[in-house]
Number of protein chains: 2
Amino acid sequence: MAPPPSTAVSPIVSLLVRILTFVCLLISVIILITNTYTERSDYGDVKTKFTDFHAYRYLLGAIVIGLAYTLFQTALTIFLVSTGNRIGGDGMLQLDFYGDKVISYVLATGAAASFGMTQDFKRLVDRSDSGVDKFLSKADAATSLCLLGFLFAAISSIFSAFSLPKRA
Amino acid sequence: MAPPPSTAVSPIVSLLVRILTFVCLLISVIILITNTYTERSDYGDVKTKFTDFHAYRYLLGAIVIGLAYTLFQTALTIFLVSTGNRIGGDGMLQLDFYGDKVISYVLATGAAASFGMTQDFKRLVDRSDSGVDKFLSKADAATSLCLLGFLFAAISSIFSAFSLPKRA
């Protein structure tokens with residue numbers, strides 16, 4: 001199938017990248033929200049959740065926004081692939097361009113904030129405690145998957161820049 | 001002056017945004033590297049520098065890379081404005097596009113990593129100590145200026161996407 005007018009990249013490739021973004025972010029959010037650490041003490045159990053950290057809360061926000069946007073774009077791309085028509089025409093290409101750009105920045109900052117906090121936090125806590133170590137490793141796994149999702153989102157952003165209607 | 005061929009945005013505007021990026025990053029790096037905190041104790045002075053934190057070191061790296069790239073692009077844009085000729089032709093437009101994109105992500109992640117760490121770190125330390133508070137406030141100022149530099153870099157990145165030679 002020849003690509004439709006004013007699209008530089010095949011919609012199939014574009015769809016594949018969107019799906020990869022979505023899968024990475026979905027696994028990331030599952031790991032993140034199921035990550036808890038319970039410390040037993042004489043005074044009762046002390047439970048640590050990802051929501052106890054600002055950086056992980058921001059990461060969650062970034063991933064949820066990323067998931068919603070990617071789902072929306074995936075649906076539009078499936079429509080484009082199956083019918084050959086683009087909903088919204090050239091105006092939508094502008095929206096894709098700005099949307100992809102903003103979402104890729106949101107995901108990049110989410111992953112960076114989380115990594116930045118975790119790296120310095122690791123030096124402050126007792127890593128020999130296997131519970132703490134597991135908590136931080138799971139947080140790192142969620143962050144890494146968000147970073148991978150960001151890389152796919154950045155590729156989508158490059159594609160949508162190529163598809164921009166020419167100015168000047 | 002009419003913009004030269006295959007440039008959607010006036011080189012004067014483009015130059016202005018580059019200079020604003022450069023100024024923000026320059027002030028940011030000066031604040032960051034001069035930020036120290038000395039705690040006097042009975043056992044001698046304990047000096048805390050920004051290099052003691054992974055996140056601030058990453059921020060410094062991001063700013064230095066951003067400064068070098070922005071200086072290079074500013075020089076090229078001054079040449080374009082003064083002579084009307086673009087060094088490297090259309091191939092350079094591709095390089096601008098990818099370069100601006102990568103640098104804007106580098107600056108975004110630098111600022112995010114630093115903010116992410118500082119926000120959670122603030123809850124762990126004694127904020128009533130004016131020295132600690134000043135150290136963290138200066139770190140926040142450097143990070144905010146990097147964030148502002150990122151916003152200008154993101155605008156440059158949008159401009160360079162508009163200037164891309166049309167494919168397809």
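## A buried tyrosine, a two-chain contact and selected salt bridges

Tyr37(A) is buried, with a relative accessible area of 11%. The model is a predicted one. Tyr37(A) belongs to strand 1 of chain A, which covers residues 36-41. Which residues does Tyr37(A) contact, leaving aside its neighbours within four places in sequence? They are Val46(A), Lys47(A), Thr48(A), Asp129(A), Gly131(A), Val132(A) and Phe135(A). Leu20(A) is 17 residues away from Tyr37(A) along the chain, and the two C-alpha atoms are separated by 30 Å.

**Thr70(A) in helix 2**

Thr70(A) sits in helix 2 of chain A. Its relative accessibility is 4%, so Thr70(A) counts as buried. Neighbours within four places in sequence aside, Thr70(A) touches Arg18(A), Thr21(A), Phe22(A) and Leu25(A).

**Ser28(B) and Ile27(B) in helix 1**

Next comes chain B. Ser28(B) is part of helix 1 of chain B. Ile27(B) is found in helix 1 of chain B too. Is each of them buried or partly exposed? Ser28(B) has 0% relative accessibility and counts as buried. Ile27(B) has 40% and counts as partly exposed.

What does Ser28(B) contact, leaving aside its neighbours within four places in sequence? The residues are Ile63(B), Ala142(B), Leu145(B) and Cys146(B). One of these, Ala142(B), offers its backbone oxygen, which the side chain of Ser28(B) reaches at 2.7 Å. Ala141(B) is 113 residues from Ser28(B) along the chain. Even so, the C-alpha atoms of Ser28(B) and Ala141(B) are separated by 7.4 Å. For Ile27(B) and Gln119(B), 92 residues apart along the chain, the C-alpha separation is 22 Å.

**Salt bridges**

How many salt bridges does the structure hold over all chains? There are 10. The table lists some of them, with the distance between the closest N and O atoms.

| Residue | Partner | Closest N and O atoms |
|---|---|---|
| Asp120(A) | Arg123(A) | 3.0 Å |
| Arg18(B) | Asp100(B) | 3.0 Å |
| Arg40(B) | Asp45(B) | 2.7 Å |

Take the pair of Arg18(B) and Asp100(B). Arg18(B) lies in helix 1 (residues 11-33) of chain B, and Asp100(B) lies in helix 3 (residues 90-121) of chain B. The pair therefore ties together parts that are 82 residues apart in sequence. Both Arg18(B) and Asp100(B) are buried.

The bridge of Asp120(A) with Arg123(A) has a buried residue and a partly exposed one. Asp120(A) is at 5% relative accessibility, so it counts as buried. Arg123(A) is at 47% and counts as partly exposed.

In the bridge of Arg40(B) with Asp45(B), neither residue is buried. Arg40(B) is exposed, with a relative accessible area of 66%. Asp45(B) counts as partly exposed at 48% relative accessibility.

**Where the chains meet**

The contact draws 33 residues from chain A and 33 residues from chain B. Together, chain A and chain B bury about 2900 Å² between them. Carbon and sulfur atoms account for 68% of that area. Which elements give two or more residues to the side of chain A that touches chain B? They are helix 2 (54-83), helix 3 (90-121) and helix 4 (130-162) of chain A. Helix 3 of chain A gives the most, with 13 residues. By class, this side of chain A has 19 nonpolar, 8 polar and 6 charged residues.

How many salt bridges does the rule find across the interface of chain A and chain B? The count is 0. Polar contacts do cross the interface: the rule finds 10 residue pairs, both residues of each pair being at pLDDT 80 or more.

**How the copies are related**

What rotation superposes chain A on chain B? It is a rotation of 180 degrees, with 0.0 Å of shift along its axis and an RMSD of 0.0 Å. The two copies are thus related as by a two-fold rotation axis. The interface residues of chain A are also interface residues in chain B, at 100%, so the copies meet through the same surface.

Definitions and conventions
Residues are numbered from 1 along each chain as its sequence is written. Chains are lettered from A and ligands numbered from 1 in the order in which they are written. This is a predicted model: local features need pLDDT of at least 70, side-chain atom pairs count only at pLDDT 80 or more; totals for chains, interfaces and linings use all residues. Side-chain values use heavy atoms; hydrogens and water are left out. Contact means heavy atoms within 4.5 Å. Buried area is the accessible area (1.4 Å probe) that two parts lose on being put together, summed over both. A salt bridge is a side-chain nitrogen of Lys or Arg within 4 Å of a carboxyl oxygen of Asp or Glu. A polar contact is a pair of N or O atoms within 3.5 Å; within protein, one must be able to donate a hydrogen and the other to accept it, and residues adjacent in sequence count only if both atoms are side-chain atoms. Helices (H or I, at least four residues) and strands (E, at least two) are DSSP runs, numbered from the N terminus. Ala, Val, Leu, Ile, Met, Phe, Trp, Tyr, Cys and Pro count as nonpolar, Asp, Glu, Lys and Arg as charged, and the others, Gly among them, as polar. Copies are superposed by least squares on the C-alpha atoms of residues with pLDDT of at least 70 in both. Buried means under 20% relative accessible area, exposed over 50%, partly exposed in between (1.4 Å probe, protein chains only).
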